[in-house]
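New to this one? Here is a walk through its inside: the packed parts, the empty spaces and the cysteines.

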Amino acid sequence: MAILSELATEVFIPVAGIIGIAFAIVQWVLVSKVKLSPAAAASGGNKNGGYGDYLIEEEEGLNDHNVVAKCAEIQTAISEGATSFLFTEYQHVGIFMSIFAVVIFLFLGSVEGFSTKSQPCTYSKDKNCKPALFTALFSTVSFLLGAITSLVSGFLGMKIATYANARTTLEARKGVGKAFITAFRSGAVMGFLLASSGLVVLYITINVFKLYYGDDWEGLFESITGYGLGGSSMALFGRVGGGIYTKAADVGADLVGKVERNIPEDDPRNPAVIADNVGDNVGDIAGMGSDLFGSYAESSCAALVVASISSFGINHDFTGMCYPLLVSSVGIIVCLITTLFATDIFEVKNVNEIEPALKKQLVISTALMTVGIAIISWLALPAKFTIFNFGTQKEVSNWGLFFCVAIGLWAGLIIGFVTEYYTSNAYSPVQDVADSCRTGAATNVIFGLALGYKSVIIPIFAIALSIYVSFSIAAMYGIAVAALGMLSTIATGLAIDAYGPISDNAGGIAEMAGMSHRIRERTDALDAAGNTTAAIGKGFAIGSAAFVSLALFGAFVSRAGVKVVDVLSPKVFIGLIVGAMLPYWFSAMTMKSVGSAALKMVEEVRRQFNTIPGLMEGTAKPDYATCVKISTDASIKEMIPPGALVMLTPLIVGTLFGVETLSGVLAGALVSGVQIAISASNTGGAWDNAKKYIEAGASEHARTLGPKGSDCHKAAVIGDTIGDPLKDTSGPSLNILIKLMAVESLVFAPFFATHGGLLFKLF
């Protein structure tokens, strides 16, 4: 028996979740102390002397009412743009959600011909389980819950980011340390809200469903898989829609503004500048939030499904069953301690401490989490137990599972640091790419592509090794908990990730509000560190997606009754080769969408520069709203086809060709999708930072490549523009493609196993 009692488990999980939510609220209160109304900023300063020490820096304009008012005005514009876009997107997604919920109910209900009689269980035939009709109903409910939680977490993240961006700009007047803490705290709000609400909603759902299912844990956890499907299907639309929005604006703003008109980035004269800043929030924050929430929900579901048919489920050992949730609960507590290191223990005082501070977060959280996993594995698991392994039960020990989770955790860190090496301009790969700009854009593109392909090598070895070890120890359950290990520090990972777009926006606001050059330098330093950490975050998301989809694939194969996936069988092989093609088809759709939306944006920006008199001189205001509308319309229209491709493929393949072909499709998509996702993200990140390396001119080498506006710099901007849709639309959406097809196949597995393969039955 485990040391931790059932009661202790029932208390610990929700309490950890509530602590996480409380901590997020505290951080938010601290951020909101930075005032955005000029009167409060000035009078508050003189009363308590809070600003007294800084009044020497009068040229920073601490008491400049105009700057504060301007910042507040820009922030309102960005916030309103982001909110209206998300509402439009959610209306369209809501329609899809309702239709898909009906599909889930009809497909799963038809497994037993909509009968309400009990039926023999799938795995233990001697027992009776609840009717398939009710499992269909509960799967539909958990799908809707997952979808709503995913949308809410993305929306709240966006709200917090747009709340914090101008506050970060204002804090930058007092020094880089203050600005860093504001941006980081805001990121932490999002990280903790998302990790905790995901855990609490899942835990409550399990307990409510248990009232109906009672001892039928097999049916209970099968219906819970809908939660992961809901989370990920919303993430797909959030990522694709947000990615198309942000990149259409970004590419349009850069090509006309920087290359043709020679004005700086985020210049208020550029008509696409508000759309560009809105895009950072809807793509990088709302999309990223939904994406990681989806990964988290799916890895929990995959682990729970496998556990329910192992000794935990058979013997009704609730504590052992909840091991995945306990790992996440410990993760929230560990991340809370880690966050205090950045905000309260080590203060960032100058520019070159920013990136190390963010990287310390990753290392500290991983080290502490390793200890946390060891303790919880010892407390919550019996010394020996059995895990379901394709029809047999495999004996596993508690330290074996500890190894599985820890391997996933450390593999995540390795992938993060390899990504950083290939995308940060502190290291030679990006400097080589920057250097190649001497001979123009073509060599820059060649070097960037080569860097992306090369950056796949180490992460794939790390993933392969982790999969082999965790599978050898605890079969598919080992892989599912390895994915959870990688995501156990999700609160810290998201905080670091959300920090990037917030700093990026802060820089944009500083430029638009016409703040001094020194402040712009500070926000640029924050932004450059944020770019690298965003690349690390994408590495995490892709690595965890590979683990999650493999675990889901294992659960699907078990549930659909496929004894062995034989590559030599023609049914499987055709699936494999088609599955490997899907990521290319998907990337083609998303890249083309960004391209055609950017084309409209470039034409509109050119039109405004040519027809609005006094725009270049700064005497007339551009029409920001038209550009925002172009981005919104394009992304809503263009997110439907790629979304349909991913959502319909498993349904069509499973129904027409059956489970064997579908297992081939899933394996093919996983194998090719991971490679493209890593190379696309890293190529784009490297081009972006090569451009920033030339712009910053921090080293002797960078200064030889020229100031802004030189031929070298223009070649770098072109590379960066090509990389934009790669790193922010196609790359990050691919990891959702891999996971979503796997979780959808798992949810529909009972239907495919019963009625699938119509074509092969006919011939």
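What follows takes the cores first, then the cavities, a pocket and the cysteines.

## The nonpolar cores

Keep in mind that this is a predicted model. A good place to begin is the largest nonpolar core, which has 224 residues. Phe180, Tyr323, Ile354, Tyr477 and Phe556 are the ones with the most contacts inside it. Helix H7, residues 273-308, provides the largest share of this core, with 19 residues. Apart from that core lies another one of 19 residues, and Val418, Ala434, Leu451 and Ile694 are among them.

Let's zoom in on Tyr477. Which residues does Tyr477 touch, leaving aside its neighbours within four places in sequence? The list runs to Ala303, Val306, Ala307, Phe312, Gly320, Tyr323, Pro324, Ile387 and Leu401. One of these contacts, Tyr323, also appears among the residues with the most contacts inside the largest core.

## The largest cavity

Now for the empty spaces. How many cavities of 30 Å³ or more turn up in the whole structure? The search finds eight. The largest cavity holds about 130 Å³ of space, and its lining is made of 15 residues. Nearest its centre you'll find Leu292, Gly493, Leu494, Gly537 and Phe540.

Four helices each supply at least two residues of this lining: H7, H15 (457-487), H16 (490-512) and H17. Which of the elements gives the most? That's H16, with five residues. By class, the lining of the largest cavity splits into ten nonpolar residues, four polar and one charged.

## The second largest cavity

Next comes the second largest cavity, with a volume of about 100 Å³. Around it sit Tyr123, Glu218, Phe221, Glu222, Thr225, Val305, Ser308, Ile309, Arg559, Leu746 and Val747. H6, H7 and H23 are the elements that give two or more residues to this lining, and H6 gives the most, with four. Sorted by class, the lining of this second largest cavity has six nonpolar, two polar and three charged residues.

## The second largest pocket

There are pockets to look at too. The second largest pocket has a volume of about 860 Å³ and is lined by 43 residues. Cys121, Thr122, Tyr123, Ser124 and Glu218 lie nearest its centre. Two of those names may ring a bell: Tyr123 and Glu218 also line the second largest cavity.

Quite a few elements give two or more residues to the lining of this pocket: strands S1 (119-120) and S2 (128-129), together with helices H4 (132-171), H6 (217-260), H8 (311-314), H17 (517-559) and H23 (711-755). H6 gives the most here, with four residues. The lining of the second largest pocket divides into 19 nonpolar, 14 polar and ten charged residues.

## Cysteines without partners

How many disulfides does a search of the whole structure find? Zero. A disulfide is a covalent bond between the sulfur atoms of two cysteines, and the cut-off used here is a sulfur pair within 2.5 Å.

Why does Cys301 have no such bond? The closest cysteine sulfur, in Cys322, is 13 Å from the sulfur of Cys301, which is too far. Cys301 also counts as buried, at 1% relative accessibility. Cys335 has a similar story to tell: Cys322 again holds the closest cysteine sulfur, but that is 20 Å away, so a bond is ruled out by distance. Is Cys335 buried or exposed? Cys335 is buried, with a relative accessible area of 0%.

Technical notes
Residues are numbered from 1 along each chain as its sequence is written. This is a predicted model: local features need pLDDT of at least 70, side-chain atom pairs count only at pLDDT 80 or more; totals for chains, interfaces and linings use all residues. Side-chain values use heavy atoms; hydrogens and water are left out. On a 1 Å grid over the protein atoms alone, a cavity is a set of points where a 1.4 Å probe fits but cannot get out, and a pocket is an open set with protein on both sides within 12 Å along at least five of seven lines; lining residues have an atom within 4 Å of a point. Grid points are joined across faces, edges and corners, and a volume is the space filled by probe spheres set on the points. Ala, Val, Leu, Ile, Met, Phe, Trp, Tyr, Cys and Pro count as nonpolar, Asp, Glu, Lys and Arg as charged, and the others, Gly among them, as polar. A nonpolar core is a set of buried Ala, Val, Leu, Ile, Met, Phe, Trp, Tyr and Cys residues joined through side-chain atoms within 4.5 Å. Buried means under 20% relative accessible area, exposed over 50%, partly exposed in between (1.4 Å probe, protein chains only). Contact means heavy atoms within 4.5 Å.
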